[in-house]
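Here is a friendly walk through one protein model, written with a computational chemist in mind. Please have the viewer open as you read.

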Amino acid sequence: MVILLENNSKVNEMSRNKRILISVILLVLMCASALITLSACSLTDLGSGIHVHSNGVYYTVYPFKFYATVHGFDQTDDAAQIYAIPSHVRYLGAKYAVTKFDIPSNLDGIDSDWYRIVHGGGYAKELVVPKTVESISLREPIGLSDSNYDFKNLTSITVDAENEHYKSVDGVLYTADGSGMLFYPPAKSNAYFTMPKEVTHIYSTAKFDKIEAIREFYVESGSQTYRAINGAIYTFDGSKLLYYPRGKHTDTFVIPKEMTYFDCNFFRNNKYIKYFQAEEGNSVYSAIDGNVYSADGGILLFRKSSDDNVALALPQSVKIVYGDALSGVKYLYIPSSLEKVVFEVGSFYGEINSKNPLGKVQYVFFESDTLPDYARYVQFKSAYLGVTREQFRLAVDGDFGQLQPLNL
């Protein structure tokens, strides 16, 4: 019995020594791997990251931070290709968790040839995000056309169910709690999109209003941030238009009665909308002959026409012409019943200067052969007189008495 116990003790001691030896060997191998890495890279490289291309994936490893960022994939002509972000990558024997997916937006710190390959243009239809990814940036690269954008044919994004930072709903990328909409795949073909009620912030990278396929927007019942009116997305109170579907090819926009903020730049950039109507009950805006006026018709706020050399007849109610409302107008008709009309110099599209304050307007017609009293605000030469911006502000406030013609 004593001999047996002594033998067992020797066996246990040998096993323990073996485990210690294996641990030492593993430690030596790890140190050797680290030394190899350090010898292959400068300290600067280790700090700023090392660019790697392996197995069709472009990524940067950060040895001192123990993580990696994936930037892109080999370009493909396969319409069924799927871009799958790996959860881990390897470099010189070491394994790094992929915590970021970031499309580089410029060449800073990146070899130009490598950058061009990353953005070589691909046809992958799906992007798969693993659970390890904590940060995603899907910026369009600076200086590259849409035809060279890797994700121009993306129809869906799929996120691992265990990812704690992101989720996908019907192929669209959101934050994990659903409060932020991050990215809408450019090639998604749905004609309708419903904004989930949980969304309280739409990031600039979403760009779902740039998708030609979408004809109508809806907002899920229960949202406290957004609402849909006539297929467009507004603030919850309906006062401001936020997103208008690009695929809605109608030439007339109806201003809802709730709308109190009119963004001219938005409508100027829409190539389909040319005419406006206002719902009854709107206390801020009205529409006359398809143009936007103040509710009482006294201020011409905006007109939209892509045609030059058009004629514009001012209504009897107008007293003030605002912004660039005369863009494209060649023939201007003024009814004799008007008491006075004030033109802001900035209202006229074209080269504005003291010799030509009305820009492209070449002819002004009055209904009466006898010039009305307000004609002192207009100089009848090859061009016609406007007022300065400061004078215009006085007119908007109803103080016409201090208006003086420009001294040409």
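The report below goes from the whole chain to its salt bridges, one sheet and the aromatic rings.

This is a predicted model, in which local features need pLDDT of at least 70 and side-chain atom pairs count only at pLDDT 80 or more, while totals for chains, interfaces and linings use all residues. Residues are numbered from 1 along each chain as its sequence is written, and side-chain values use heavy atoms, with hydrogens and water left out.

**Overall picture**

The protein has 5 helices and 28 strands; these are DSSP runs numbered from the N terminus, with at least four residues for a helix (H or I) and at least two for a strand (E). Of its 408 residues, 42% count as buried, where buried means under 20% relative accessible area, exposed over 50% and partly exposed in between (1.4 Å probe, protein chains only).

**Salt bridges**

The whole structure contains 4 salt bridges, each defined as a side-chain nitrogen of Lys or Arg within 4 Å of a carboxyl oxygen of Asp or Glu. The table includes three of these pairs.

| Pair | Closest N to O distance |
|---|---|
| K188 and D170 | 3.7 Å |
| E216 and K248 | 2.8 Å |
| E258 and R227 | 3.9 Å |

K188 sits in the loop between β12 (180-183) and β13 (192-195) and D170 in the loop between β10 (166-169) and β11 (172-175), so their salt bridge ties together parts 18 residues apart in sequence. K188 is buried at 8% relative accessible area, whereas D170 is exposed at 55%.

What about E216 and K248, buried or exposed? Both residues are buried.

For the pair of E258 and R227, the relative accessible area of E258 is 26%, which makes E258 partly exposed. R227 also counts as partly exposed, at 28%.

**A small sheet**

Three strands form an open sheet in the order β16-β17-β18, with antiparallel pairing; two strands pair if DSSP finds at least two bridges between them. Its edge strands, β16 (226-229) and β18 (241-243), each pair on one side only. β16 and β17 (residues 232-235) are joined antiparallel over 4 bridges, and T235 in β17 is the bridge partner of Y226.

**Aromatic rings**

How many aromatic pairs does the structure hold? There are 19, counting rings of Phe, Tyr and Trp (its six-membered ring) whose centres lie within 6.5 Å, with planes under 30 degrees apart called stacked, over 60 edge-to-face and the rest tilted. One aromatic cluster is formed by Y244, F253, F262, F266, F267, F276, Y285 and F302.
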